[in-house]
Amino acid sequence: MSLKLNKTYLEGFISEDEYSGVEEKVKNAVSELEKEIVKKDGFAGWATLPDNYDREEFRRIKEAAKKIRSDSDILVVVGIGGSYLGARAVIELLGGEFVNEGADLKVLYAGNNISGDYLLKIIEMCEGKRLSVNVISKSGVTLEPAVAFRAFKKLMEDRYGEEEAAKRIYVTTDAKKGALKGLSDVAGYETFVVPDDIGGRYSVLTAVGLLPIAAAGFDIDALMSGAKNAMELFAEPELEKNPCYEYASIRYLLEKQGKKIELLTCFEPAFNMFGEWYKQLYGESEGKDGKGLFPATLNYSADLHSMGQYVQDGQRILFETLLRFEKSNKEFTVEYIDGDFDGLNYIAGKTMSYINHQASEGVMLAHNEGKVPVMIIESEKRDEFNVGELIYFFEKACAISGYMLGVYPFDQPGVEQYKRNMFALLGKPGYSI
Ligand code: PA5
């Protein structure tokens, strides 16, 4: 089954009049994207990536992942933002939030914050374990990963000596320039490329995401196949036959109605980091020139017991997009018990997937009654193929949404501004406020 957009709970929220004209807007957005794809120095390399990736590098990624799995207990992934979120999102969506428990190879993440306590804890967790490090930074100078990598480079060299450390440090960075590229050339680290035509938040299907994902034991061939399937499906020009364009259009129309927030929700705890990836993708792509929906996420049913109140009854400034997986990877069935002390026998024999599905219907019905427009993105299950499909769906919809909104979806001037200020305040040569 391919991804579907269920609009049952959207009924009555968008009028026929509002829909008229949107088709033209989508066409224009698609044509903007097509121009970006062929533009020299464009940033839409991700759009053709599932077909057009470097097969030789892909082979090296699988080789490196195999080596890491055979000679390490822990892979430390050093990176922040677009250089880290995609990998973690996929690893945890596929493997669940306890993915490291009992795993042959644990993946730990460093360099994604400015906390000494966090860094020291990760270093402590690495004591006595066989280690590899994958440092990921396009620029090579981002403060958070640079500080963490300085610490891990020393740790690796102290533990293994320079020669062996060099065999256990993998660098994903610019093909030609930057501090990490220079260092790798001297030290002999194996390097992988962050392509020039793919920004950080769109880079999960490049070496940026693929090496950690493969090292964690997931099938990156299936991930790419899912993305390729999506690339073909979501090229369909007719709006009503293309869930990706429909999703972008509905976001656009709801924003026009005055909605300020898109809530992406899911009834799977494994969704947390995927939600973080989505927030970066949409927040950085659309939030500029005073425009853009604020992307937020809630994890149900836990958040129904906290933020559920606001969704149901707070300011009517939001709409909801539920990401629903139709099948569980494994099934748990509620048992029948004599005496029925907890009164649960009415669901005895029912699976958690069934309960989850019914609960999600009940919640969306309630949110609808509370005047929240809801779309449901239906994905078959949390496997590599379907997750690859989802990634491409969200990436393409994000680009189309951005163009419909009238922003350029591939830059992030706001992020650059904070980096400049921080460097200046820390006294980095060449920077001033
Ligand atoms: O999307 C982006 O550009 C950012 O999130 C970057 O990926 C992040 O700041 C890390 O940058 P770099 O890869 O240069 O270390």
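Begin the tour by selecting F393, a residue that is buried, with a relative accessible area of 0%. The model on the screen is a predicted one, and every value given on this tour is computed from it.

**First stop: the pair of F393 and F234**

Keep F393 selected and add F234. The two rings form an aromatic pair of the edge-to-face kind, with 5.5 Å from centre to centre and 70° between the planes. F393 belongs to helix 14 (residues 384–405), whereas F234 lies in the loop between helix 9 (220–233) and helix 10 (243–256); the pair therefore ties together parts that are 159 residues apart in sequence. F234 counts as buried because its relative accessibility is 1%, and buried means under 20%.

**Second stop: the pair of F274 and W277**

Next, select F274 and W277. Both residues lie in helix 11 (residues 272–286), three residues apart, which is about one turn of the helix. How are the two rings placed relative to each other? Their centres are 5.0 Å apart and their planes stand at 40°, so this pair is tilted. F274 is buried, with a relative accessible area of 0%, and W277 is buried as well, at 3%.

**Third stop: the aromatic cluster**

Now display the two pairs together and add Y247, Y278, Y282 and F394. With F234, F274, W277 and F393, these residues form one aromatic cluster. In the structure as a whole there are 20 aromatic pairs.

**Fourth stop: charges over rings**

Move to Y53 and R55. The charged end of R55 sits over the ring of Y53, at 3.9 Å from the centre of that ring. Then select F423 and K428. Here K428 lies over the face of F423, 4.0 Å from the ring centre.

**Final stop: K288**

Finally, select K288, which is found in the loop between helix 11 and strand 8 (294–299). Is K288 buried or exposed? With a relative accessibility of 10%, K288 counts as buried, since the limit for a buried residue is under 20%.

Which backbone oxygen lies 3.1 Å from a polar atom of the K288 side chain? That oxygen belongs to E284. To view the other surroundings of K288, show R201 together with V407, Y408, P409, F410 and D411: K288 touches each of these residues, in a list that leaves out residues up to four places away in sequence.

Definitions and conventions: Residues are numbered from 1 along each chain as its sequence is written. This is a predicted model: local features need pLDDT of at least 70, side-chain atom pairs count only at pLDDT 80 or more; totals for chains, interfaces and linings use all residues. Side-chain values use heavy atoms; hydrogens and water are left out. Rings of Phe, Tyr and Trp (its six-membered ring) pair if their centres lie within 6.5 Å; planes under 30 degrees apart count as stacked, over 60 as edge-to-face and the rest as tilted. Helices (H or I, at least four residues) and strands (E, at least two) are DSSP runs, numbered from the N terminus. Buried means under 20% relative accessible area, exposed over 50%, partly exposed in between (1.4 Å probe, protein chains only). A charge sits over a ring if NZ of Lys or CZ of Arg is within 6 Å of the ring centre and within 35 degrees of the ring normal. A polar contact is a pair of N or O atoms within 3.5 Å; within protein, one must be able to donate a hydrogen and the other to accept it, and residues adjacent in sequence count only if both atoms are side-chain atoms. Contact means heavy atoms within 4.5 Å.
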